[in-house]
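User: Hi! I'm new to reading protein models, so could you walk me through this one in plain words?

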Amino acid sequence: MSSTNKKWFSLNLNSKHKQGSSSCGCGKTSGGCNSHKEPNTELSEEEFFDAAVDASIGEERHKDGFDQVFDVKMSRRSAFKKLTASLLIGAGAVNTSCSFLAGDESKEKAQIDWEEQFKGNYKLMNNDEKKATVDRLVRSYQLRTGKTISMSSTNAEDDVLFGYAFNISKCQGYMDCVNACVEENNQDRNSQMQYIRIHEMEDGKGFNFNEADDNYYHEVPAEGHFYMGTQCFHCDNPPCVDVCPVQATWREDDGLVVIDYDWCVGCRYCMAACPYDGRRFNWSKPEVPESEINKNQHYLGNRLRKKGVMEKCTFCVQRSRAGKNPACVEACPTGARIFGNLLDPNSTIRWVLENKKVFRLKEDLGTEPKFWYFMD
Amino acid sequence: MNKCIIYKISIILCVVLCFSSCKHHDEEYHSVTDKIKAESKDYHGTSISSEAYIDHINTIEVTENDITFLIPERKGEIKSYSCTECHSKPLTQMQNEDLKKAHWDIKLSHADKMTMNCVTCHNGNDMDFLQSLTGDQIDFNASHLLCSQCHQKQFNDWTGGAHGKRIESWAPPRASMTCVNCHNPHTPGFESKWPERYNTQKINERK
């Protein structure tokens, strides 16, 4: 073993000391990268420059981007060296933000960002970890805006399974529910994202979504039309959950299908998998005027989202887990929306299921939505 | 001997298949309705209660169709109850006298004149109570009994919870709006209006 074959990594910039053939900078063990000259040969400045360019990009001149990234022969050791180097750079950045020159607040901000960056999936967190991340998010918001929000991490309650019923005979298409939903859930005002769609359908044509209008603007109810709303149905067998490659969405024990916005990678598989158009994607950074922000938030619910993540109706988890009706139910002036605990035999939702003729959309898909429609 | 073993194995296989085929993933129910049925058998109630949300309203308990729930108290909400504070004399006398006019804003649009008029629900000689079709007294707090004389279907749906609205909370104890909280008894129909919202962005996206 030569003396140059060190066990640690040292940057060998512009040094004439050549490394042994087994640890060439390009990661090749053969002489293919042209960086291997006879030892003890003095190089002119020009020769050295050419050799250095060859050594660094060599093969990449005739490789496309994919091959450049993936078709690299690299030993385990050099891979670790590179990883270490990039980690050192990252640590340097953190060190800068944590240096004594920076204020306490920016240090705290950086600390929070760091911990948030490397936190786990909410689904796998225990109660302390959930509380910790919620506290961090509240503190972070306070540091950034000076405003205090309250965020909950309330878990699903035993003996609760949320269900929803929608009375098609009653809905008049007023869209009070849509308004209430947008305000409650801090949805992006620029893209006018809406979880709820109210479909105006022609009498006598049944549920014809192809011809239905979900963005009407005229006096309602219109002659010869009926109205029905769709949103996330919180399927008991949700296809959106099955397709998520990172398990950023799941069904909670009380039946709510939720998303960890910080774990979502924005691939939109779930959007494609949902047969009901229940999911929405943030193409741009969601913006809500400060005065309109609903400060009563839940980690899995209406907390402020970021660009590039999925979101959807959560049956207002921040309200429903506290015992309140979702905002749409509360806002509906016609009583077309009924919400409750499916496991409580005395609940109103159970009465509807047992006494009215209920049906669900696309029941044959086996998605088992917990959202029933009925008529008077 | 060999046949016997084969039979036994096939029977066991059949049993296993029968029990496993109806399972949804790793759960033991075929459908959500089965799940609801099974899991609600030993329902013990939850810690979530509506009490904090209905605290601020005055409620009274009613039991209709064997279902007991709360409705908002009504008399306290009527501005000039009790009615006899003004209606000290029978209505016919008051109409003849040169008294200050009242109730000019009431527009009656409830069924047609052939079917209903003021005295279908009000008793001119006893204005503090409503009256049933047969002339029995009905308290203002139990006005749903008056409505239910004709609107039986809506009434039954309301007692179960399919018609009308819960107040703020889905949790027990149940508090529901009563008929007159949503419907003006004199003009009970809902007016048509413009939608609360129009999504201009959606128009652009679909161009």
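User: At what angle do the axes of helix 4 and helix 5 of chain A cross?

Analyst: Quick heads-up: this is a predicted model, where local features need pLDDT of at least 70, side-chain atom pairs count only at pLDDT 80 or more, and totals for chains, interfaces and linings use all residues. Residues are numbered from 1 along each chain as its sequence is written, while chains are lettered from A and ligands numbered from 1 in the order in which they are written. Helices (H or I, at least four residues) and strands (E, at least two) are DSSP runs, numbered from the N terminus, and axes are lines fitted to C-alpha atoms, for helices over the stretch in contact, with angles from 0 to 180 degrees between N-to-C directions. Helix 4 (residues 104-117) and helix 5 (residues 127-145) of chain A have axes that come within 10 Å and cross at roughly 145°.

User: How many charged residues does the contact of helix 4 with helix 5 of chain A have?

Analyst: Contact means C-beta atoms, placed from the backbone, within 7 Å. Helix 4 of chain A brings residues including Glu105(A) and Lys109(A), and helix 5 of chain A brings, among them, Arg136(A) and Arg139(A). Asp, Glu, Lys and Arg count as charged, Ala, Val, Leu, Ile, Met, Phe, Trp, Tyr, Cys and Pro as nonpolar, and the others, Gly among them, as polar. The contact has two nonpolar residues, one polar and, as for charged ones, seven.

User: Which strands stand at the edges of the sheet 10-2-11 in chain A?

Analyst: Strands pair if DSSP finds at least two bridges between them. This open sheet of three strands has mixed pairing, and strand 2 (residues 162-167) of chain A runs parallel to strand 11 over four bridges. Two strands have a single partner each, so one side of each is left without a neighbour in the sheet: strand 10 and strand 11 (371-374) of chain A.

User: Which helix of chain A packs on that sheet?

Analyst: Look for a helix touching strand 2, strand 10 and strand 11 of chain A. Its direction makes about 110° with that of strand 10, and the name is helix 11 of chain A.

User: Which residue stands opposite Arg197(A)?

Analyst: Strand 3 (residues 197-202) and strand 4 of chain A run antiparallel, joined by six bridges. The partner sits in strand 4 of chain A: Thr230(A).

User: How many residues of chain B are in contact with chain A?

Analyst: On chain A's side, the residues divide into 16 nonpolar, 16 polar and 13 charged. Those 45 residues of chain A are in contact with a chain B set that numbers 44.

Terms used
Contact = placed C-beta atoms within 7 Å.
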